[in-house]
Amino acid sequence: MTSIALHAGRVGRALLDFALPPRCAACRTIVDEVDIFCATCWGEVEFLSGGCVTCGLPLAGTDAEQCAACLAAPPLISRTRAAVAYGPIARQLALRLKYGRKVAVARTMARYMAGLAGGWDRAPLILPVPLHRRRLWWRGFNQAALIAGQLAKRWPADINNHLLIRTKSTQSLKGLGHDQRRRALRGAFAVADKAAVKGRIVVLVDDVLASGATSEACARVLRRAGAERVELVCWARVVRAARFMR
């Protein structure tokens with residue numbers, strides 16, 4: 001009976017692939033399996049590896065493991081990693097998830113983010129960067145929570161989508177300097193249950209990292225709540241040439 005069930009499963013998957021073949025996550029060209037890029041799109045995605053052991057920014061022309069900025073002032077987030085650099089294809093996937101409501105894109109992102117695990121000595125606590133309730137009501141979902149849920153299936157980790165909350169809606173941070181962003185986000189986040197994060201390794205999950213002000217604000221309240229360590233894992237990050245660390 002088991003062999004019959006297995007055979008039926010294989011036939012069912014073959015029929016599904018014939019009717020709805022897997023397609024490139026970016027251009028929708030037919031590919032061999034789900035959640036991958038075709039050869040052309042793969043060549044246009046800048047996958048990130050190496051870089052500063054703390055902030056993850058590329059290190060150019062040096063054998064150092066940590067950038068000067070992190071050495072001078074260790075950030076609140078102990079380790080930041082992104083799967084890809086923010087570019088046309090990375091942006092396309094982020095927009096399709098956030099505004100196009102293509103929730104399956106979260107699974108694609110998580111596939112390439114799974115290798116960013118930190119080699120933790122115990123199960124970390126995964127927390128998505130939260131949306132304010134008005135934004136959540138308008139959009140219908142939190143894209144960071146969808147990605148976090150997919151990562152929780154791939155990592156030996158705990159997940160809680162309601163522990164870190166956004167207590168106030170903030171203005172757009174676009175065009176603001178670092179200090180202005182920090183002031184705008186003051187008091188914007190809170191921890192619902194401090195005992196649940198005390199002594200834990202917390203991994204924040206987000207889709208795109210730009211200035212880092214939002215994740216820094218999240219890390220601040222988590223550290224105050226007693227988190228032992230806060231890390232950040234995201235799909236894409238903005239990497240400007242002027243910010244390459246030497």
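Student: Is C24 buried or exposed?
Tutor: The relative accessible area of C24 is 0%. Under 20% counts as buried, over 50% as exposed and the range in between as partly exposed, with a 1.4 Å probe and protein chains only. C24 is therefore buried.

Student: What kind of model is this?
Tutor: Residues are numbered from 1 along each chain as its sequence is written, and side-chain values use heavy atoms, leaving out hydrogens and water. Local features need pLDDT of at least 70, side-chain atom pairs count only at pLDDT 80 or more, totals for chains, interfaces and linings use all residues, and the model is predicted.

Student: How many disulfides does the structure hold?
Tutor: A disulfide is a pair of cysteine sulfur atoms within 2.5 Å. C24 is in none, and the nearest cysteine sulfur to it, that of C27, is 3.7 Å away. The number of disulfides in the structure is 0.

Student: How many Å away from C67 is the nearest cysteine sulfur?
Tutor: C67 is buried, at 1% relative accessibility. C67 is in no disulfide. The nearest cysteine sulfur belongs to C70, at a distance of 3.5 Å.

Student: In which order do the strands form the open sheet?
Tutor: Strands are DSSP runs of E with at least two residues, helices are runs of H or I with at least four, and both are numbered from the N terminus. Two strands pair if DSSP finds at least two bridges between them. There are 5 strands in this open sheet, and the pairing is parallel. The order is β1-β7-β6-β2-β3.

Student: Which strands stand at the edges?
Tutor: An edge strand here has a single partner strand, so one side of it is left without a neighbour in the sheet. The strands in this position are β1 and β3.

Student: How many bridges join strand β1 to β7?
Tutor: Strand β1 covers residues 79-85 and runs parallel to β7. R81 stands opposite V233 in β7, while A85 stands opposite R237. The bridges between β1 and β7 number 6.

Student: How many residues of strand β7 are buried?
Tutor: Strand β7 consists of residues 229-237. The rest of the structure largely encloses β7, because the buried residues are 8 of the 9.

Student: What is the bridge partner of V205 in β7?
Tutor: V205 is in β6, a strand of residues 201-209. Strands β6 and β7 run parallel and are joined by 8 bridges. In β7, the partner of V205 is V233.

Student: Which residue in β6 stands opposite I126?
Tutor: I126 belongs to strand β2, residues 125-128, where I126 and P128 are buried on one side and L125 and L127 on the other. In β3, I126 has I159 as its bridge partner, and 2 bridges join these parallel strands. Strand β2 also pairs with β6 in the parallel sense over 4 bridges, and there the residue opposite I126 is V203.

Student: Which strands does α5 touch?
Tutor: Contact means heavy atoms within 4.5 Å. Helix α5 packs on the sheet, touching β1, β6 and β7.

Student: Which strands does helix α7 touch?
Tutor: Helix α7 is formed by residues 143-154. This helix also packs on the sheet, and the strands in contact are β2, β3 and β6.

Student: Which residues in α5 does α4 meet?
Tutor: From α4, the residues involved are L93, A94, R96 and L97. On the α5 side they meet V105, A106, T108 and M109.

Key
Axes fitted to C-alpha atoms, helices over the stretch in contact; angles between N-to-C directions.
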